[in-house]
Each structure stands twice: as C-alpha cells, then as structure tokens.
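Please open the model in your viewer and keep a selection panel at hand, because each stop below names what to pick out and what can be found there.

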Amino acid sequence: MSIEKVKTYFHQYGMENKILEFDVSSATVDLAAQALNCEPCRIAKTLSFTVDDHTILIVMAGDAKIDNSKYKAQFGTKAKMLAPDEAESRIGHAVGGVCPFAVNKDVIIYLDYSLKRFETVFPACGSSNSAIELSIPELEKYSGFPSWVDICKGWNE
C-alpha cells in the first residue's frame, strides 16, 4: 500500500510518527481541510501531468489553480493531466493520495510559489486519508524537488 511506502520513506528521517491518518477521507482539498481543521489554502495538493512522456508532479496551495499560459512558458507544452487510472502505475500513488514522497524514481516534482506564503502546509502521504504537516524547508528537503515554479493563479488575487 502506498502509505506504507511513505511511512518507510519518512522512517529514514525519524519522521514517520508525524504522519496523520484519519477515519474520514482527505482525498480532496476540502475534505483534507475538514479532517485537519485548517484553511483549504494550507493543503498542499499534488497534481500530476505528462511532459514529453515524463511524469511530473506540481505541489501547490489548495486555493491555487494551474495558469495554462504560465505552465506552457515553464514546460514548453500545454498542461496535460494524467488520467486517474494512470496515476498509481506512473507515480506510485493512487488519486486521492498522490504526494511528493516515495514516488517512482522517474517522476520529477516541482513546488509552486503559492506555497511559500505559509509557515507549514499539509501534503498527503500516499492514501486518501493521510497527511503530514511540514514547514516549507521540510517540504523542500523531503520532496527532492529540482526547483520552484510559478505556474499557478487564483491564490494571490
């Protein structure tokens, strides 16, 4: 199970006990915010795309949306999300639990600037009823991202 992979991943850092598991679904931004009793904007949602047959993940604030023109300027192609039935095989996590931890080794993770306004955020941990609270430096460290991107809209308007 995907959450077990994430727990194993965080075990190497002594962080596995920070993973929260809920009795209710946290598969969407709104459900996660309810489960965590926090603002939806602090949920670090992870969306999956294909760029030249490669899988990329964009981690962004819960209130952010992809800006197609910024996305195309960054990646040189139109935004094309993975189909839900492709997620688990291409990423290592199913839709509802997609996160930037313990992913397949060919997946590239990007963090969007919409997250930088928070001290801590809550990404999922591989299942549709889990999350972890991380500071932005911790998110940078544990996601293994190559760079920050500015490809979202709606969060700073």
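Which residues of helix 5 (residues 136-143) are buried? Select helix 5 in this predicted model, and you will find that Ile136, Leu139, Tyr142 and Ser143 are buried. These residues cover an arc of only 135° around the axis, which puts them on the same side of helix 5. If you turn to the other side of helix 5, Pro137 and Lys141 are exposed there. To see what covers the buried residues, add helix 1 (2-11), strand 5, strand 6 (120-123), strand 8 (134-135) and strand 9 (148-149), which are among the elements that do so. Before leaving, step just past the end of helix 5, where Gly144 takes a positive phi of about 65°.

**The sheet**

Next, select strands 8, 6, 2, 3, 5 and 9, which in that order make up an open sheet of six strands with mixed pairing. Strand 8 and strand 9 stand at the edges, each with a single partner strand, so one side of each is left without a neighbour in the sheet.

Now restrict the selection to strand 3 (residues 54-61), where seven of the eight residues are buried, so that this strand is largely enclosed by the rest of the structure. Strand 3 pairs with strand 2 (residues 43-51) in the antiparallel sense, over eight bridges, whereas strand 3 and strand 5 run parallel and are joined by four bridges. To follow the antiparallel register, label Thr50, which stands opposite Thr55 in strand 3, and then Ala44, which stands opposite Ala61 in strand 3. For the parallel register, label Ile56, whose bridge partner in strand 5 is Ile108. The hairpin of strand 2 and strand 3 has two residues between the strands, and within this hairpin Asp52 takes a positive phi near 50°.

While strand 2 is still displayed, pick Thr46, whose place is in that strand. Thr46 is buried, with a relative accessible area of 10%. Leaving aside neighbours within four places in sequence, Thr46 is in contact with Leu57, Ile58 and Val59, and also with Val98, Cys99 and Pro100.

**A loop residue**

Move on to Asp106, which is found in the loop between helix 4 (87-91) and strand 5 (108-112). What is Asp106 in contact with, once its neighbours within four places in sequence are left aside? The contacts are with Thr55 and Arg90; Thr55 is the residue of strand 3 already seen opposite Thr50. For a distance across the model, draw a line between the C-alpha atoms of Asp106 and Glu39, which are 67 residues apart along the chain and separated by 32 Å.

**Aromatic rings**

Turn next to the aromatic side chains, for which a search of the whole structure finds 11 pairs. One of these is the stacked pair of Tyr9 and Phe101, with 6.5 Å centre to centre and 25° between the planes. Tyr9 lies in helix 1 and Phe101 in the loop between helix 4 and strand 5, so the pair ties together parts that are 92 residues apart in sequence. Both partners can be checked for exposure: Tyr9 is buried with a relative accessible area of 19%, and Phe101 is buried with a value of 0%. Extend the selection to Phe10, Tyr13 and Tyr142, which together with Tyr9 and Phe101 form one aromatic cluster; Tyr142 is also one of the buried residues of helix 5. A further ring to select is that of Trp148, over which the charged end of Lys116 sits, 4.6 Å from the ring centre.

**The nonpolar cores**

For the last stop, which residues touch the most other members of the largest nonpolar core? Among its 47 residues, these are Phe10, Phe75, Phe101 and Leu115. At least two residues of this core are supplied by each of helix 1, strand 2, strand 3, helix 3 (68-75), helix 4, strand 5, helix 5 and strand 9, and the largest share, six residues, comes from strand 3. A second, separate core of nine residues can be coloured apart, and it includes Phe22, Ala32, Ala33 and Ala131.

Finish by centring the view on Leu115, which, not counting residues up to four places away in sequence, touches Ala44, Val59, Met60, Ala61, Val121, Ile136, Leu139 and Trp148. Several of these have appeared on the way, including Ala44 and Ala61, which stand opposite each other, and Ile136 and Leu139, which are buried in helix 5.

How values were computed: Residues numbered from 1 in each chain as written. Predicted model: local features only at pLDDT ≥ 70, side-chain atom pairs only at ≥ 80, totals over all residues. Heavy atoms only, no water. Contact = heavy atoms within 4.5 Å. Buried < 20%, exposed > 50% of the residue type's maximum accessible area, 1.4 Å probe, protein only. Pairing = 2+ DSSP bridges. Arc of directions from axis to C-beta. Phe/Tyr/Trp six-rings, centres within 6.5 Å; stacked < 30°, edge-to-face > 60°. Lys NZ or Arg CZ within 6 Å of the ring centre and 35° of its normal. Core = buried A, V, L, I, M, F, W, Y, C linked by side-chain atoms within 4.5 Å.
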